[in-house]
Amino acid sequence: MSEINVIALSERAYRIRRNALQMGEVQGQGYVGQALGVADVLAVAYFHSLKLRPEDPKWEQRDRFLLSIGHYAIALYAVLIEAGVIPQEELESYGSDDSRLPMSGMATYTPGMEITGGSLGHGLGIAVGMCLGLKQKKSASFVYNLLSDGELDEGSTWEAALSASHWGLDNLIAMVDVNNQQADGPSSSVLGFEPLADKWTAFGWYVQRVNGNDLGALVTAFDNARAHTGARPRMIICDTLMGKGVPFLETREKNHFIRVDAEEWQLALKVLYKGEAA
Amino acid sequence: MIASLAAEGQRTKPAPFGHALATLAETRRDIVGMTADLGKYTDLHIFGKAHPERYYQMGMAEQLLIMAAAGMAKEGFTPFATTYAVFAARRAYDFFCLAVAEENLNVKVVCALPGLTTGYGPSHQATDDLAIFRAMPNLTIVDPCDALDIEQAVPAIAAHNGPVYMRLLRGNVPLVLDEYDYKFELGKAKLLRDGRDALIISSGFMTMRALETADLLRADNVQVGVLHAPTIKPLDEETILREAGKNGRMVIVAENHSVIGGLGEAVASLLMRAGVRPSSFHQIALPDAFLDAGALPTLHDRYGISSAVMATRIKSWL
């Protein structure tokens, strides 16, 4: 679908993970567990499904990608760098003073960052407004919104979920990254959210649930989401593994914010590379 | 009468906001109207009837209303989003602040029942909205006086590039400013009448009360000037300082808002910073309290924002 889909998605996902780890190393911290987990979803979104022009992030005909989880900014920067929206050399500036890549995603700072997230539960409602606006303009563009399972705690998300089906927003594709981790522990114990597919279905959405680290399954799900003919918003629930691709981070006792010791960044990059080669 | 701002026999105009927006939208194709289950109660239904294809009923979901308005603005539209002031200020603040103001989006939030304009009690009385919104960066705040002010403010705020919060008087709205040489200009305060003894600086319908008060006091040979400051933020500092500094006269700020954090405190801090010293400074405002339910005229007397009570208090300060 995309003009820039010339490199294998697995290679894209690897580079997204590498970019994220390198940025994490710059600051010694960052939401790298989430970035590693969601890298496959982002690879398929940006290099298979989304219509965009990297050299023109404001291109009117683009599909919009809203990151309502501002905490995942490091993951989105990683994919925007890989897509060529942000120059590779800016990676070194991550989280630094006067950088265009602040620790939490800000639309006013970063090309390709469509909204300011961080205060959770904003993305889906803004997506509803953008979808209504696109329909008013008779635009064929889609709005994608990446949510997290923790974000489902926010009531505003459910206001938006009701509204999206009420308005029959068939130009809306939302993804929930289910890694079952949020600030105070496993999302399911902080505030139970299952059965998730049933909930969205009951809200009037076309729902798919996939292994968010299975590129083939993701490609099919994203294709189905665009091709679905019902006048309904589309949801792809993506079950992902925090730290995916770096085994010693995958198995680390999971906190919302993974601790990575100074000497481990290079080790993580090495392990990631080996996994890719194997 | 229980809920009306207009005195019996006072001239009024119906739904000035709805009519002004519908008219403006004839030439401004980017204007859309959005509401959270209060279209009929914010006069937006007038716009909705005129432009049904640009009217969005978002349901009783104020967070969504503001987020969706942000999304609309990001797609190049100029949404006028309406609800009650309490819900915009208290419930949707985070969404207004981050989704709209941080990006300086072109969203106009227009809210009925500002301050003490209903007797329904604290659930509906937005006595704190100005205090809440004044601290929001990028936000312009407008508090019009009457039907004429509202009609003229609508195109003015639509022409302004950035978020605006406007307090709304709805239904049959009093008409008073047409008797003065007045035109609404965003960011400008206007001297409606001059007076050597005292100056009332006011916004919203309290300017109407200030004019009535000045008439009452003239009978006692007390000369009261009235400076209408419908733009609460940014304040017209130049005009306020010039008028408040004249003859060292008493300065009174009259507002339909809590004594905390509204126009009164904004003017007080401005005068202090600029070193302008009136002979004395007073606030006519609602108390720092959750107000009673009841009939509006009763409540306006009880809380000191009726012209009769204002006149008595001002005389006691002279």
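Me: Strands β4 and β5 of chain B: do they pair in the parallel or antiparallel sense, and over how many bridges?
Reply: Parallel, over five bridges, with β4 at residues 78–84 and β5 at residues 108–112 of chain B. Two strands count as paired if DSSP finds at least two bridges between them. Strands themselves are DSSP runs of E, at least two residues; helices are runs of H or I, at least four residues; both are numbered from the N terminus.

Me: Ground rules for the model?
Reply: This is a predicted model, where local features need pLDDT of at least 70, side-chain atom pairs count only at pLDDT 80 or more, and totals for chains, interfaces and linings use all residues. Residues are numbered from 1 along each chain as its sequence is written, chains are lettered from A and ligands numbered from 1 in the order in which they are written, and side-chain values use heavy atoms, with hydrogens and water left out.

Me: Back to the pair. Which residue is the bridge partner of B:Thr82 in β5(B)?
Reply: B:Val110.

Me: What packs on the sheet there, and which strands does it touch?
Reply: Helix α3 (residues 62–74) of chain B; it touches β2 (31–35), β3, β4 and β5 of chain B. Its direction makes about 170 degrees with that of β4(B). Contact means heavy atoms within 4.5 Å. Axes are lines fitted to C-alpha atoms, for helices over the stretch in contact, and angles run from 0 to 180 degrees between N-to-C directions.

Me: What's the strand order of the open sheet in chain B?
Reply: β3-β2-β4-β5-β7-β6-β12, seven strands with mixed pairing. β3 (55–57) and β12 (231–233) of chain B stand at the edges with a single partner strand each, so one side of each has no neighbour in the sheet. Neighbouring strands are turned by 20 degrees against each other on average, direction ignored.

Me: What follows β12 of chain B, in the loop before α9?
Reply: B:Pro234 lies in that loop, with α9 at 237–244. A cis peptide bond joins B:Lys233 to B:Pro234, omega about 0 degrees.

Me: Where is the cis bond to A:Pro195?
Reply: In the loop between α6 (187–190) and α7 (196–202) of chain A. The bond comes from A:Glu194, with omega near -5 degrees.

Me: New topic. Helix α8 of chain B: what span should it have, and what does it have?
Reply: Its 13 residues (206–218) should span 18 Å at 1.5 Å a residue, and the end C-alpha atoms are 18 Å apart, which agrees. The expected span is 1.5 Å times one less than the number of residues. Buried residues of α8(B) include B:Met206, B:Arg209, B:Leu211 and B:Leu217. Buried means under 20% relative accessible area, exposed over 50%, partly exposed in between (1.4 Å probe, protein chains only).

Me: And B:Asn221, buried or exposed?
Reply: Exposed, because its relative accessibility is 51%. B:Asn221 lies in the loop between α8 and β11 (224–228) of chain B. Its phi is near 60 degrees, positive in a residue other than glycine.

Me: How many helices and strands in chain B?
Reply: Twelve helices and 14 strands. Of its 318 residues, 60% count as buried.

Me: What radius of gyration does chain B have?
Reply: 19 Å; a compact globule with 318 residues would have one near 20 Å, so the two agree. The radius is taken over C-alpha atoms, and the globule rule is 2.2 Å times the number of residues to the power 0.38. The C-alpha atoms fill a box of roughly 55 × 40 × 35 Å along the principal axes.
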